[in-house]
Amino acid sequence: MKHIITLSFLAILLASCNGDKKNTVEKVLEKNDLKEIRTKRAELVSEQDAIHTKIKLLDDRIKTLDTTQNIPLITTFIAKQEVFNHVLELQGNVTTKNLLTITPEFNGILTNMYVKEGQRVYKGQTLAKIDDGGLSQQLAQYKIQANLAKTTFERQKRLWDQKIGSEIQFLQAKSNYESQQQAINQLQKQINKTTVVAPFSGTIDDIITEKGSVVAAGQTPLMQIVNLDNMYIETDVPENYVADITKGKDVTVEFPILGKSINTKIRQAGDIINPANRTFKVEIDVPNKDKSIKPNLTARLKINDYTNPEAILVPQSIISENAEGEQYVYVVNDKKENNQGVVSKVFVKTGRTQGDVIEVLENIESGAELIKEGARSVKDGQTVKVKND
């Protein structure tokens, strides 16, 4: 509005001047007198300066009276202290130490399979039996011989206690009896290996070898057993987090496939940095009461590596940076009842980011009013009008 009034007034004055002076200027030019031309020019310049002075007076009065000045509209928010929990986001796989493929300890034919897939078993329970190749009959013979050796030893001992007989006969009977006992114990251990038992309580997940198959000790997989009670997630963490990611830290675990998440903690943090990828391992407890979480399931991890209970957080979008790399924000000060205030540029030091917010460490106090929308189009010291919804 003020520009329209100014231009209109200037046009009127120029038109008036042109109307009054047109012939005079033309006549001066017709005379072709240098002195008279310079004199006429000086008169016009003087008139022009007078016009500019009057225009300035009019502009000042317009500025005072006009309530619709072109003041930038901006939105703001109030900085406040809040708890800032920074998290490190990683991926990991679910695993368990109680996942085992059972192999036999004895060579022979698999004569019996006492369990089936999906069956719950307990530690020490018999799972399968391998033919012992006649060791049981041999054990029976050893026991007969051992009974005879025991009887002989006991008789020799009674005689020796009565000072009857020679010491050598007593010692030979004792040695023979002990040898028979050792032979029985060794044979019994071999026979025990023909019985396959559960190493821990769990569920038979897979039967790999069928009854009647020939199996080899330590080589032939018989079945797979798993216990879903003691589950955990193992993941690699970059070495620069070694001081922050420690035992007991809070972790949020998300399972995208299951559509569920759980809150848990780090149960173990590795003490060795892998030189190949500069990471260390952590183990995270996975409660699994409903048995829905399975080994090798992919999980997303959010590990709390930093907490500031009195953080000032601002949107990253309002942080600007100058040519020297200094970061700054705009603050509104001296706000009046008409919501007009003055912009002030404040240099800040920032900390960690999380999502679309960043932590401000210096120069912004709780209660400061920061420009949100319009921060890129204002200048230090400029008057602005706050228009928050």
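This passage walks through a predicted model of one protein, from its overall form to a few chosen residues.

The overall form comes first. The protein holds 4 helices and 22 strands. Its C-alpha trace spans about 170 × 50 × 45 Å along the principal axes. The radius of gyration is 48 Å, whereas a compact globule of 389 residues would have a value near 21 Å. Of the 389 residues, 31% count as buried. The accessible surface comes to about 24600 Å², and carbon and sulfur atoms account for 49% of that area. Among contacts between residues at least 6 apart in sequence, 72% join residues at least 24 apart. As for charge, the protein carries 51 positive and 50 negative charges, and the mean positions of the two sets are 4 Å apart.

Two of the helices, α3 and α4, make a good place to look more closely. Helix α3 has 27 residues and reaches 38 Å from its first C-alpha to its last, close to the 39 Å expected at 1.5 Å a residue. Helix α4, which covers residues 167-192, has 26 residues. The reach of α4 from first to last C-alpha is 38 Å, close to the 38 Å expected.

The buried residues of α4 are spread along the helix: Phe170, Ala173, Tyr177, Gln180, Ile184, Leu187 and Ile191. An α-helix has 3.6 residues a turn, so residues three or four places apart point the same way. The buried residues of α4 pack against α3 (135-161) and β8 (195-197). In α3, the buried residues are Leu135, Leu139, Ala146, Ala149, Phe153 and Gln156. What covers these residues of α3 includes α4, and the packing of α4 in turn involves α3. After α3 comes Lys163, whose phi is positive, near 65 degrees.

Two residues of α3 help to show how the pair of helices is arranged. Tyr142 is placed in α3 and is partly exposed, with a relative accessible area of 23%. The cut-off for buried is under 20%, so Tyr142 at 23% does not count as buried. Leaving out residues up to four places away in sequence, Tyr142 touches Gln180, Ala183, Ile184 and Leu187. Among these partners, Gln180, Ile184 and Leu187 are buried residues of α4. Tyr142 and Gln181 are 39 residues apart in sequence, and their C-alpha atoms are 8.5 Å apart in space. Lys150 also lies in α3. Its relative accessibility is 37%, so Lys150 counts as partly exposed. The C-alpha atoms of Lys150 and Gln181 are separated by 9.2 Å, with their positions 31 residues apart along the chain.

The loops offer further points of interest. Between β18 (327-333) and β19 (340-354) runs a loop that includes Asp334, and Asn339 is found in the loop between these strands too. Most residues other than glycine have a negative phi. Asp334, however, has a positive phi near 55 degrees, and for Asn339 the value is about 65 degrees, also positive. Asp334 is exposed, with a relative accessible area of 59%, while Asn339 counts as partly exposed at 32%.

Another loop, between β14 (260-269) and β15 (279-286), is the place of Ile273. This residue is partly exposed, and its relative accessible area is 26%. Apart from residues up to four places away in sequence, Ile273 touches Glu239, Arg278, Thr279 and Phe280. Asp236 lies 37 residues from Ile273 along the chain, and the C-alpha atoms of the two are separated by 9.9 Å.

The last residue to meet is Gly367, found in the loop between β20 (357-362) and β21 (369-371). At 45% relative accessibility, Gly367 counts as partly exposed. Its C-alpha atom is separated by 5.6 Å from that of Ile78, although their places lie 289 residues apart along the chain. Setting aside neighbours within four places in sequence, Gly367 is in contact with Ile78 and Ala79.

Terms used. Residues are numbered from 1 along each chain as its sequence is written. This is a predicted model: local features need pLDDT of at least 70, side-chain atom pairs count only at pLDDT 80 or more; totals for chains, interfaces and linings use all residues. Side-chain values use heavy atoms; hydrogens and water are left out. The expected span of a helix is 1.5 Å times one less than its number of residues. Buried means under 20% relative accessible area, exposed over 50%, partly exposed in between (1.4 Å probe, protein chains only). Contact means heavy atoms within 4.5 Å. The radius of gyration is taken over C-alpha atoms; the globule rule is 2.2 Å times the number of residues to the power 0.38. Accessible areas come from the Shrake-Rupley method with a 1.4 Å probe; for residues, only the protein chains shown count as cover. Lys and Arg count as positive and Asp and Glu as negative; His and the chain ends are not counted. The place of a charge is taken as NZ of Lys, CZ of Arg, CG of Asp or CD of Glu.
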